[in-house]
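Colleague: Got a minute to walk me through this one? I'm still learning how to look at helices and empty spaces.

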Amino acid sequence: MKFIKQLFNFYLNSSIHVAISVFSLTWITLIEFNISYDANILYFVFYASITGYNFVKYFGIAKFHHRSLANWLKLIQIFSFFSFLLMGYYAFKLSSTTLICVIGFAIITFLYAIPFLPKRLFLDKQHNLRSIGGLKIYLIALIWAGVTVLLPLINNDYHINNDVIITAIQRCLFIIVLMLPFEIRDLRYDSLKLSTIPQKIGVKQTKIIGSTLLVFFFFLGFMKEGIDLIHIIILMIITGITLLFLIFSKTEQGKSYSAFWVEGVPIIWLVLLLLFY
């Protein structure tokens, strides 16, 4: 039982779960736009997510405690290194246009973790994009939307039309709402300088805002050309599941509530699509 718990913790802490979620959203885009399974972009996104998330989460720890790293963190470092190599392998299989976009997202991710901004902007020592008040949730939403919507379409030479723009907006709204349970959970620990949504308007108002965004997320689906009944039903199910997770989120929540269940909603979305398509 202890081994299973350790394995589960490694699964979460090494960002495998979040990488599967990003992988799922990318595959969802391919399905929605009737593009065949693109292993190169999907596996690139998967390994890039592990590399990027672990870099953001553990850069500071590894930088200042390199010689005294806990065994679990050393294992994550090794795992991240091999993920980085596999990311590089699949990167060489992508189109040049896709790679240009990837470089842009990589730069944003790098600046998200690396201290480079003036101290006067901060109350703490984290002088990076992550620490700018109110920016974090929108930055993550834009990166996820770009990676999971634009990259797979660009790599398959798909013309950017109104449906693509609507899908990107939908994806941004979806990610913002998925982030809210995390922000509610971290309300007790986040620096006031972050100016997260729950810090600014409170938990109750955050849930109201999130519910409103989900309404927009759902009805934007009707603006797409040729949307069928199955897509609408699946979209309704995902909207309902996400709404329930948002409503029942609280500051004192179990470790797996946001990190596993909320983060796993895109996986459920993909499974539903694969069952009916």
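**Helices and hollows**

Modeller: Sure. H7 crosses H10 with a left-handed sense. Keep in mind that this is a predicted model.

Colleague: How far apart are the axes of H7 and H10, and at what angle do they cross?

Modeller: The axes of H7 and helix H10 (residues 255-262) come within 10 Å, and the crossing is at roughly 165 degrees. That makes H7 roughly antiparallel to H10, because angles over 145 degrees count that way.

Colleague: Which residues meet there?

Modeller: From H7 you have Leu178, Pro181, Phe182 and Arg185, and they meet Ser258, Ala259 and Val262 of H10. By class, that contact has five nonpolar residues, one polar and one charged.

Colleague: And H7 with H9, how do their axes sit?

Modeller: Those axes come within 9 Å and cross at roughly 30 degrees. H7 and H9 are therefore roughly parallel to each other, as the angle is under 35 degrees. The crossing of H7 and H9 is left-handed.

Colleague: Which side chains should I click on for H7 and H9?

Modeller: On H7, pick Gln170, Phe174, Val177, Leu178, Leu180 and Pro181. They meet Leu235, Ile238, Thr242, Phe245 and Leu246 on H9. The contact of H7 with H9 splits into nine nonpolar residues, two polar and no charged.

Colleague: Okay, H9 and H11 next. Parallel or antiparallel?

Modeller: Helix H9 (residues 229-247) and helix H11 (residues 265-276) pack at about 160 degrees, with axes 10 Å apart. So H9 and H11 are roughly antiparallel to each other. Their crossing is right-handed.

Colleague: What's in the contact between H9 and H11?

Modeller: H9 brings Ile230, His231, Ile234, Leu235, Ile237, Ile238, Ile241, Thr242 and Phe245. H11 answers with Val265, Ile268, Trp269, Leu272, Leu273 and Phe276. By class, the contact of H9 with H11 has 13 nonpolar, two polar and no charged residues.

Colleague: Why do you keep giving me an angle and a distance?

Modeller: Because two packed helices are described by the angle between their axes and the distance between the axes.

Colleague: Fair enough. Changing topic: how much space is in the second largest pocket?

Modeller: About 450 Å³. The second largest pocket has 23 lining residues, and Glu32, Asp163, Lys224, Glu225 and Ile227 are the ones nearest its centre. Helix H2 (16-32), helix H7 (162-185) and H9 are the elements that each give two or more residues to the lining of that pocket.

Colleague: Which of them gives the largest share?

Modeller: H7, with five residues of the second largest pocket's lining. By class, the lining of that pocket has 10 nonpolar, eight polar and five charged residues.

Colleague: What about cavities, how many are there of 30 Å³ or more?

Modeller: The count is two cavities of 30 Å³ or more. The second largest cavity holds about 30 Å³ of space.

Colleague: What lines the second largest cavity?

Modeller: Glu32, Thr167, Gln170, Arg171, Phe217, Lys224 and Trp269 line the second largest cavity. H7 gives the most to that lining, with three residues. In the lining of the second largest cavity, two residues are nonpolar, two polar and three charged.

Colleague: Do any names come up again?

Modeller: Yes, look at Glu32 and Lys224: both are among the residues nearest the centre of the second largest pocket, and both also line the second largest cavity. Gln170 lines that cavity, and Gln170 is also one of the H7 residues that meet H9. Trp269 lines that cavity as well, and Trp269 is one of the H11 residues that meet H9.

How values were computed
Residues are numbered from 1 along each chain as its sequence is written. This is a predicted model: local features need pLDDT of at least 70, side-chain atom pairs count only at pLDDT 80 or more; totals for chains, interfaces and linings use all residues. Side-chain values use heavy atoms; hydrogens and water are left out. Axes are lines fitted to C-alpha atoms, for helices over the stretch in contact, and angles run from 0 to 180 degrees between N-to-C directions. Helices (H or I, at least four residues) and strands (E, at least two) are DSSP runs, numbered from the N terminus. Angles under 35 degrees count as roughly parallel, over 145 as roughly antiparallel, 65 to 115 as roughly perpendicular and the rest as oblique. A crossing is left-handed if the near helix is turned anticlockwise from the far one by less than a right angle, and right-handed if clockwise. Contact means heavy atoms within 4.5 Å. Ala, Val, Leu, Ile, Met, Phe, Trp, Tyr, Cys and Pro count as nonpolar, Asp, Glu, Lys and Arg as charged, and the others, Gly among them, as polar. On a 1 Å grid over the protein atoms alone, a cavity is a set of points where a 1.4 Å probe fits but cannot get out, and a pocket is an open set with protein on both sides within 12 Å along at least five of seven lines; lining residues have an atom within 4 Å of a point. Grid points are joined across faces, edges and corners, and a volume is the space filled by probe spheres set on the points.
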